[in-house]
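Let's take a walk through one corner of a protein model, one strand at a time. Have a look at the picture first, then read on.

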Amino acid sequence: MAITMQNFALTWTDPDGTPHSSAVAYDKPSAGRRKQGLEGAGYSDVQIVETKPGHLPEAVA
């Protein structure tokens, strides 16, 4: 049985309204913890996005 690696990244908006995206990929549990940290720090619209290895999402304005 093959194990399939899943990668996740995050996108969010800072309090100034500037969109951001993560520069690293996470596994699912780590992405969830990072999302909680961002939300706790006051960032909004925090989304976990599934990515392919070697690809990261663009920040959406």
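What follows is a short tour of one strand, its neighbours and two of the residues along the way.

Keep in mind that this is a predicted model. Our starting point is strand β1, which covers residues 7-13. How many of its residues are buried? Seven of the seven are, so β1 is largely enclosed by the rest of the structure.

You can check that enclosure side by side. In a regular strand, the side chains alternate between the two faces of the sheet. For β1, one side holds N7, A9, T11 and T13, while F8, L10 and W12 sit on the other, and all of them are buried. In other words, both faces of β1 are covered.

Now for the strands that β1 pairs with. One is β3, made of residues 44-51, which runs antiparallel to β1 and is joined to it by six bridges. To find your way along this pairing, look for T11, which stands opposite Q47 in β3. Another partner is β2, residues 19-21, also paired with β1 in the antiparallel sense, this time over three bridges. Here T13 is a handy marker, standing opposite P19 in β2.

β1 and β2 form a hairpin, with five residues between the strands. Within this hairpin, pick out G17: its phi is positive, near 95 degrees.

Let's zoom in on A9, one of the residues of β1. Is A9 buried or exposed? With a relative accessibility of 0%, A9 falls under the 20% cut-off and therefore counts as buried. Its surroundings give you names to look for: leaving aside residues up to four places away in sequence, A9 touches S22, V24, Q47, I48, V49, T51, L56 and P57. Q47 may ring a bell, being the residue in β3 that T11 stands opposite. For a sense of scale, G40 is 31 residues from A9 in sequence, and their C-alpha atoms are 18 Å apart in space.

Finally, step back to Q6, which lies in the segment before β1. Q6 has a relative accessible area of 41%, which lies between the 20% and 50% cut-offs, so Q6 is partly exposed. Again leaving aside residues up to four places away in sequence, Q6 touches Y26, D27 and E50. What joins the side chains of Q6 and E50? A polar contact of 3.3 Å does. As for E58, that residue is 52 residues from Q6 along the chain, with 18 Å separating their C-alpha atoms.

Conventions. Residues are numbered from 1 along each chain as its sequence is written. This is a predicted model: local features need pLDDT of at least 70, side-chain atom pairs count only at pLDDT 80 or more; totals for chains, interfaces and linings use all residues. Side-chain values use heavy atoms; hydrogens and water are left out. Helices (H or I, at least four residues) and strands (E, at least two) are DSSP runs, numbered from the N terminus. Buried means under 20% relative accessible area, exposed over 50%, partly exposed in between (1.4 Å probe, protein chains only). Contact means heavy atoms within 4.5 Å. A polar contact is a pair of N or O atoms within 3.5 Å; within protein, one must be able to donate a hydrogen and the other to accept it, and residues adjacent in sequence count only if both atoms are side-chain atoms. Two strands pair if DSSP finds at least two bridges between them.
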